[in-house]
Amino acid sequence: MRLVPLGFLLVLMLTACSGSAATQAAEAQRLLQVDRAFAASSLDQGTAAAFFANITEDALELPANAAPVQGRKRIRDRLDNLGAQVLDWTPQQAEVSRSLDLGWTWGEWRLYRSAASKEVMARGKYLNVWKRGTDGVWKLAADIGNQLEEVPQESASSS
């Protein structure tokens, strides 16, 4: 008789664990979509405005080949210096913590001469750390990037 309640409890625990994993996977897909919308807003609104709307007050930026920048307003001010240049990125993957309040995305970025131009000024990879607020909204907490060297045309065709 005791085996029935114990077996039922075990099934409930396993279901809860798989449900949690499914919820975690679904939230990771949601975060990936958030990062994709963030990238689109950089092209539509400008990079500084997009970042300002999507980062935490105490956000940290670790740009390639530059000193760290901390704080929402400081990051916006640094990005305002891009002028007409615009940052675009392509999110590749997202993961979310079991608690569903922290996550990360990574992808590749390109800096274009302008929103209308596809002339690439620089490119690289990034890793972003996200926090989910009590309101359920994901905000960028840390932006970490590196810059890749451009591959010369001769090397690309000869390999």
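Okay, let's start with one residue: Arg72 is buried, with a relative accessible area of 19%. Burial here means under 20%, so Arg72 falls on the buried side of the cut-off. Before I go on, please keep in mind that this is a predicted model.

So what does Arg72 pair with? Arg72 makes a salt bridge with Glu57, and their closest N and O atoms sit 3.0 Å apart. Arg72 belongs to helix α3 and Glu57 to strand β1, so this pair links distant parts of the chain, 15 residues apart. Glu57 itself is exposed, at 55% relative accessible area. In other words, a buried arginine is paired with an exposed glutamate.

Let me step back to the whole chain. We have 159 residues, and 33% of them count as buried. There are four helices and six strands. If you walk along from the N terminus, you meet two helices, two strands, a helix, four strands and then a helix. As for contacts, if you take those with a separation of 6 or more, 53% are between residues 24 or more positions apart.

Back to the charges. How many salt bridges does the structure hold? The count is seven. One of them joins Arg132 and Glu27, with 3.9 Å between the closest N and O atoms. Arg132 lies in strand β5 and Glu27 in helix α1, so that pair ties together parts that are 105 residues apart in sequence. On the accessibility side, Glu27 counts as buried at 10%, while Arg132 is partly exposed at 28%.

Another salt bridge is between Asp77 and Arg76, at 3.7 Å from N to O. Both of these are partly exposed: Asp77 has 41% relative accessibility, and Arg76 has 26%. There is also a network to point out, in which Glu27, Arg30 and Arg132 are joined by salt bridges that share partners.

Now for a charged residue without a partner. Is Asp35 buried or exposed? Asp35 is buried, yet it has no salt bridge. Side chains of opposite charge can pair when their charged atoms come close. For Asp35, the nearest side chain of opposite charge is Arg36, and that is 7.8 Å away. A salt bridge needs the nitrogen and oxygen within 4 Å, so Arg36 is too far from Asp35 to count.

Where does Asp35 sit? You'll find it in helix α1, which covers residues 3-45. And what is around it? Setting aside neighbours within four places in sequence, Asp35 is in contact with Trp89, Pro91, Thr105, Tyr126, Asn128 and Trp130.

Last topic, the pockets. The largest pocket has a volume of about 400 Å³. It is lined by 23 residues, and the closest to its centre are Pro63, Ala64, Arg78, Leu87 and Trp109. Which elements supply the lining? β1, α3, β3, β4, β5 and β6 each give at least two residues. The one that gives the most is β6, with five residues. By class, the lining has 15 nonpolar residues, five polar and three charged.

So, if you open the structure now, two places to look at are the Arg72 and Glu57 salt bridge, and Asp35, buried with no salt bridge.

Key: Residues numbered from 1 in each chain as written. Predicted model: local features only at pLDDT ≥ 70, side-chain atom pairs only at ≥ 80, totals over all residues. Heavy atoms only, no water. 1 Å grid on protein atoms, 1.4 Å probe; cavity = no way out; pocket = protein on both sides within 12 Å on 5 of 7 lines; lining within 4 Å. Points joined across faces, edges and corners; volume = space filled by probe spheres on them. Nonpolar A, V, L, I, M, F, W, Y, C, P; charged D, E, K, R; others polar. Buried < 20%, exposed > 50% of the residue type's maximum accessible area, 1.4 Å probe, protein only. Lys, Arg positive; Asp, Glu negative; His and termini not counted. Contact = heavy atoms within 4.5 Å.
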